[in-house]
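Colleague: Could you take me through the aromatic pairs in this model, ring by ring? I'd like the geometry and the burial together.

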Amino acid sequence: MSDWAPKRFWTNADVQEVDGGFAVELDGRPVKTPAKAALHVPTQAMAQAIAAEWDAQLEKVDPNTMPFTRSANAAIDKVRVQHAEVADMLAAYGDSDLLCYRAQSPAELVARQAAAWDPVLNWSETFLNAKLEPRTGVIHVPQDPASLATLNDRTHALNAFELAGFHDLVSMSGSLILGFAAAYDHMPSEDIWTMSRLDELWQEEQWGEDDEAQALIAVKQTAFMHAKRFFDASRAG
């Protein structure tokens, strides 16, 4: 493996207003995406976060320390050109949402799932106008088409930058409804993440934690929290 990495060649990273948004410039040179598109983002808050990442680089550039830059690149180079496909993929989570598939036993786990997940499904019915029904077991039972259509419309209405953040909120939690709950600030992101891991936490209580698995979970949690910050930055005034 090569340890080559691009070296820092600039002194200052600045934010500039452009038509339809904001750009980041390195000593007056605009930053571009890996696909050579202009890195224009919708809000000043997002541009400032990206500029701060570039400013924080030392002698060599480390993309692993630049999550806002990576997410903006993904929004422009990938999500924007495949918006419908990405939205369809995420909306499909609704028909097999994590919150709807319940254990048959033991009674304590059944009760814990109901206590944590039922209120979020109730919120979905009232706030999102999408009622999803819980199921027992793992056999797929289709949800109400009208509710799924409503969730599909909400997902497709997100712009490319919102959808880039929303992608990880949904995929990391395994739940379209938890993704919307995070996006719309229904509850703290930390609580939503914990709720998405309810079954895993139950297993850990029964059998103990695995160090390797915990390290992977920590990486996923970090990605989930960043996705929320990126989503919020895409809407910041």
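Modeller: Happy to! Let me begin with tryptophan 10, which is buried at 4% relative accessibility (buried means under 20% relative accessible area, exposed over 50% and partly exposed in between, with a 1.4 Å probe and protein chains only). Keep in mind that this is a predicted model, where local features need pLDDT of at least 70, side-chain atom pairs count only at pLDDT 80 or more, and totals for chains, interfaces and linings use all residues. Residues are numbered from 1 along each chain as its sequence is written, and side-chain values use heavy atoms, leaving out hydrogens and water.

Rings of Phe, Tyr and Trp (its six-membered ring) count as a pair if their centres lie within 6.5 Å; planes under 30 degrees apart are stacked, over 60 edge-to-face, and the rest tilted. By this rule there are eight aromatic pairs. In one of them, tryptophan 10 meets tryptophan 54 edge-to-face, at 5.2 Å centre to centre with 65° between the planes. Tryptophan 10 sits in the segment before strand S1 (13–18) and tryptophan 54 in helix H1 (residues 44–55), so this pair ties together parts 44 residues apart in sequence. (Helices, H or I of at least four residues, and strands, E of at least two, are DSSP runs numbered from the N terminus.) Tryptophan 54 is buried too, with a relative accessible area of 14%.

Tryptophan 123 and phenylalanine 127 are stacked, because their ring centres are 5.2 Å apart and their planes at 10°. Both lie in helix H4 (residues 107–127), four residues apart, about one turn of the helix. Tryptophan 123 is buried at 10%, whereas phenylalanine 127 is partly exposed at 43%. These two belong to one aromatic cluster with Phe166, Phe180 and Tyr184.
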